[in-house]
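Let's take a walk through this one together. Keep the sequence and the 3D view open as we go.

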Amino acid sequence: MPVAAVARTVYIVDADPSVRDGLSRVADSAGLRPKHCRSLDAFLDESPGAGAACALLDVSTLSRCEPELWARLRAMAAAIPVIALSARDDPGTQRLARALGAQAFFHKPVDAAALLDSIDWVTRTDAPGGT
């Protein structure tokens with residue numbers, strides 16, 4: 001399990017508070033600083049910057065996404081790595097995650113060790129799109 005050298009912020013975007021809490025515990029265990037966002041709007045309003053490690057984004061929030069929010073989210077995904085999460089593991093959901101530019105996709109419930117490995121991978125400076 002990777003450990004962050006400096007506490008970096010992991011944005012957790014999910015409407016379900018129990019999912020946000022569980023993912024926060026996983027992030028905390030690796031020395032990361034979780035930041036909860038209940039909605040896509042709240043995440044985009046945060047304007048994550050250089051201190052952000054990545055965003056863990058529930059893909060179901062995208063199905064209700066307005067075109068303007070979609071464009072802002074795509075720009076954000078180019079700036080910080082996004083790991084997509086979903087309770088659904090169907091081709092349409094996977095296409096949506098790819099269209100966003102997500103660097104990884106996990107079906108809920110998420111294996112904590114695999115998620116931390118993925119966070120480590122997407123935040124490495126030598127990884128494609130890493131910070």
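How many disulfides does the structure hold? Zero. Keep in mind that this is a predicted model. There are cysteines to look at, though. Cys-37 is buried, because its relative accessible area is 2% and the cut-off for buried is under 20%. Cys-54 is buried too, with a relative accessible area of 0%.

Now for the overall layout. The protein chain has five helices and five strands. Follow the sequence and you read β-α-β-α-β-α-β-α-β-α, so to speak a strand, then a helix, over and over. The chain runs to 131 residues, and 42% of them are buried. If you take the contacts with a separation of 6 or more, 64% of them come from residues 24 or more positions apart. As for the outside, the accessible surface of the chain is about 6,600 Å², and carbon and sulfur atoms account for 53% of that.

Let's start at the beginning of the chain. Arg-8 sits in the segment before β1, the strand spanning 9–13. Is Arg-8 buried, exposed or partly exposed? It counts as partly exposed, because its relative accessibility is 21% and buried would need a value under 20%. Arg-8 also gives you a handy link between distant parts of the sequence: Thr-123 is 115 residues away along the chain, yet the two C-alpha atoms are 9.8 Å apart in space. Thr-123 is the last residue of α5, which covers 112–123.

Next, hop over to the loop between α2 (40–46) and β3 (52–58), where you'll find Pro-48. Loop or not, Pro-48 counts as buried, since its relative accessibility is 10%. What does Pro-48 touch, once residues up to four places away in sequence are set aside? The list is Tyr-11, Phe-43, Met-76 and Ile-80. There's a link back to β1 here as well: the C-alpha atoms of Pro-48 and Thr-9 are separated by 8.7 Å, with their positions 39 residues apart along the chain.

One of those partners, Met-76, takes us into helix α3. Met-76 is buried as well, as its relative accessibility of 11% shows. Leaving out neighbours within four places in sequence, Met-76 is in contact with Phe-43, Leu-44, Ser-47 and Pro-48. Met-76 also points us onward to Leu-100: the two are 24 residues apart in sequence, and 9.7 Å apart from C-alpha to C-alpha.

That brings us to how two of the helices meet. Helix α3 (residues 67–79) and helix α4 (residues 91–100) have axes that come within 9 Å and cross at roughly 65°. That angle makes α3 roughly perpendicular to α4, because the range that counts as roughly perpendicular is 65 to 115 degrees. Which residues make the contact? On the α3 side they are Trp-70, Leu-73, Arg-74 and Ala-77, and on the α4 side Leu-96, Ala-99 and Leu-100. Sort the residues of this contact by type and you get six nonpolar, no polar and one charged.

Stay in α4 for a moment and find Thr-93. Thr-93 counts as buried, because its relative accessibility is 8%. Beyond its neighbours within four places in sequence, Thr-93 is in contact with Val-59, Ser-86, Arg-88 and Phe-105.

Arg-88, from that list, is in the loop between β4 (82–86) and α4. Is Arg-88 buried or exposed? Arg-88 is exposed, given a relative accessible area of 54%. Setting aside neighbours within four places in sequence, Arg-88 is in contact with Thr-93, Phe-105 and His-107. The C-alpha atoms of Arg-88 and Phe-106 are separated by 9.5 Å, and the two residues are 18 apart along the chain.

From there, one more stop along the chain. After β5 (104–107) comes a loop that leads to α5 (112–123), and Pro-109 has its place in that loop. What kind of peptide bond joins Lys-108 and Pro-109? The bond is cis, with omega at about -5°.

Note on methods: Residues are numbered from 1 along each chain as its sequence is written. This is a predicted model: local features need pLDDT of at least 70, side-chain atom pairs count only at pLDDT 80 or more; totals for chains, interfaces and linings use all residues. Side-chain values use heavy atoms; hydrogens and water are left out. Axes are lines fitted to C-alpha atoms, for helices over the stretch in contact, and angles run from 0 to 180 degrees between N-to-C directions. Helices (H or I, at least four residues) and strands (E, at least two) are DSSP runs, numbered from the N terminus. Angles under 35 degrees count as roughly parallel, over 145 as roughly antiparallel, 65 to 115 as roughly perpendicular and the rest as oblique. Contact means heavy atoms within 4.5 Å. Ala, Val, Leu, Ile, Met, Phe, Trp, Tyr, Cys and Pro count as nonpolar, Asp, Glu, Lys and Arg as charged, and the others, Gly among them, as polar. Buried means under 20% relative accessible area, exposed over 50%, partly exposed in between (1.4 Å probe, protein chains only). A disulfide is a pair of cysteine sulfur atoms within 2.5 Å. Accessible areas come from the Shrake-Rupley method with a 1.4 Å probe; for residues, only the protein chains shown count as cover.
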